[in-house]
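User: I'm new to this structure and would like to learn how to read it step by step. Could you show me around?

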Amino acid sequence: MSEKRAADAIIVGGGVHGAAAAYSLASAGVSVILFEREYLSSGGSGRSAAGLRQHFGTEVNCRLAKYNLQCFPTLQEDLGGEFDLEFAQWGYLWVAYTEGSMDQLKKNVELQRGLEIPSEILSPQEIKRRWPYLGVERMIGAAYCSRDGHINPHTLTMAYGRAAEKLGARIKTYSPVQRLLSSGGKIRGVEAAGEEWSAPRVLLTAGPWSTKLAATVGVCLPVTPERHNLLVTEAVEPFNCPMTLCLDDGAYFKQLPNGTFFFGRDDPDEPKTAESGNSAKFLEGVTKSVLQRIPVLKGTRVAHQWSGPYDVTPDHQAVIDWTPVEGLWVNCGWSGHGLQFGPSGGRLAKEMFFGEKTFVDIHSFRLGRFEEGDLFMEPAFI
Amino acid sequence: MDTDDVVVCRCEEVTLDEIRAWIGRGYCHFDELKRILRVGMGPCQGRGCRDIVLRELSRATGEPLEAIDPGTVRPPVKPIKIGLLAYGGEDAPK
């Protein structure tokens, strides 16, 4: 018998938001098909530094981030326990080197504390006391939240996909969607591998690839790709080094539970592309910067580097909304901090599908804000 | 042969049994297994294990070995000390 090419909902894009949406929709009894052009987590999700944080400067992100951190501690078991999610809470440190950055961090922390997120401001002396191996030269201070941490972005995404499958969702990997299909202003499905698949609701969670797909039904998304680089070192003895982000040059580093370190650094000269590739100058720039902050790693070896795409919007905020094409909704444009919002993204997808009131007011993520000129900048982005 | 203690990937200590189990669950690409098990993700990037995993994939899928996607190898090909990358042969600035 041939497979029925229809469902209640089709999801396009197998990153963490697509996989989490498939899981939460399938949990609610919705028949779901998810299409992914390669394997789950192969795009931006799996390539991210996978920091988990509640340090944001806008209320909606703080509220969603707080929910994410409520989910993560039990998520491995909730999703069936097959995958090791490597969840760890070693904290997240935002370091300021100018009075301007410090003022912004203080504002962010005030907002967070008002929402009962346990973040705090630390002096360089306090940083040195807690983490003697960190270099504090030129530091003015930092914002810190001890509850923030790390998760494995691949197993997180795959665990969502696997759990969704067990609930009846169909996960189609290596199945690129060529275009969305609509008629009379309504979505009716997608074309994948030359075949039509129909559904009255389609959710687009394809990160930077969402823009071209939305355009196939005349929807304009102001979401553009940006390539970012990371490196991983060989494993050293774990010493619970918090994720440390340096606001002077955008460099950051963190230790993972297996003892390896990730280093990353913003580079405005990187190509604006969703395709991966390797930038040779990244290695010199990032190692020079990070060694100043954690000189003890001088003799540790870099194992390899990779890159992945951000899906950037003009205000560095996500777009989560129904589009002018009836039945088509989007969740993309997270601008580099999307991986950790998987739990929120999944829950919102289910609530939006059923027309329920969302658990956090996401009006500010609406698609119409760009035309209205009502941008709301997220100050805490990297 | 007893395969539960045959270590295929020495960097990440992944056994043949684990690889076969995950292939059995439908993860039939090298890069997928790498992301789930870390096989080939360590410092040697699969110099020792890649061929073994590809052979297992070929056997499980019935595809000829040369048709199996060998996955990605990333720079640097060999691990390099961070201090050397940052400052070349020079000492770090005081």
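**Where the chains meet**

Analyst: Let's start with two strands from separate chains: strand E17 (residues 301-312) of chain A pairs with E3(B) in the antiparallel sense, over 2 bridges. This is a predicted model, by the way.

User: How do strands of a sheet pair in general?

Analyst: They pair through backbone hydrogen bonds, and the pairing is either parallel or antiparallel. For the pair across the chains, you can look at A:Val302, which stands opposite B:Ile80 in E3(B).

User: How many residues does each chain give to the contact?

Analyst: Chain A gives 24 residues and chain B gives 19. On the chain B side, the elements that give two or more residues are helix H2 (30-37), strand E3 (80-81) and helix H4 (82-87) of chain B. Sorted by class, that side of chain B has 10 nonpolar, 5 charged and 4 polar residues.

User: Now chain A by itself. Into which domains is chain A divided?

Analyst: Domain 1 takes in 9-49 + 154-223 + 315-372, while domain 2 takes in 89-147 + 224-310. Their C-alpha centres lie 29 Å apart. Where they touch, 12 residues of domain 1 of chain A are in contact with 13 residues of domain 2 of chain A. The domain 1 side of that contact has 7 polar, 4 nonpolar and 1 charged residues.

User: How do I read the order of strands in the open sheet of chain A?

Analyst: Go across the sheet from one strand to its neighbour. Here 6 strands run in the order E8-E2-E1-E12-E19-E18 (chain A), with mixed pairing.

User: Why is one side of E8 and of E18 left without a neighbour in the sheet?

Analyst: Strand E8 (170-172) and strand E18 (319-322) of chain A are at the edges and each has a single partner strand, so one side of each has no neighbour in the sheet. From one strand to the next, the twist averages 15°.

User: Can you zoom in on one pair?

Analyst: Sure. Strand E12 (residues 201-204) and strand E19 (residues 328-332) of chain A run parallel and are joined by 3 bridges. Within that pair, A:Val202 stands opposite A:Leu328 in E19(A).

User: Which helix packs on the sheet?

Analyst: Helix H9 (residues 342-353) of chain A does, touching strand E1 (9-12), E12, E18 and E19 of chain A. The direction of helix H9 makes about 165° with that of E19(A).

User: What is the mean pLDDT of chain A?

Analyst: The mean is 97, and 100% of the residues of chain A reach 70 or more. Among the elements of chain A, E1(A) has the highest mean pLDDT (99) and helix H8 (residues 280-293) the lowest (94).

Definitions and conventions:
Residues numbered from 1 in each chain as written. Chains lettered and ligands numbered in written order. Predicted model: local features only at pLDDT ≥ 70, side-chain atom pairs only at ≥ 80, totals over all residues. Domains from an automatic or database assignment. Contact = placed C-beta atoms within 7 Å. Nonpolar A, V, L, I, M, F, W, Y, C, P; charged D, E, K, R; others polar. Pairing = 2+ DSSP bridges. Helix = DSSP H or I, 4+ residues; strand = E, 2+ residues; numbered from the N terminus. Axes fitted to C-alpha atoms, helices over the stretch in contact; angles between N-to-C directions. pLDDT = per-residue confidence, 0-100.
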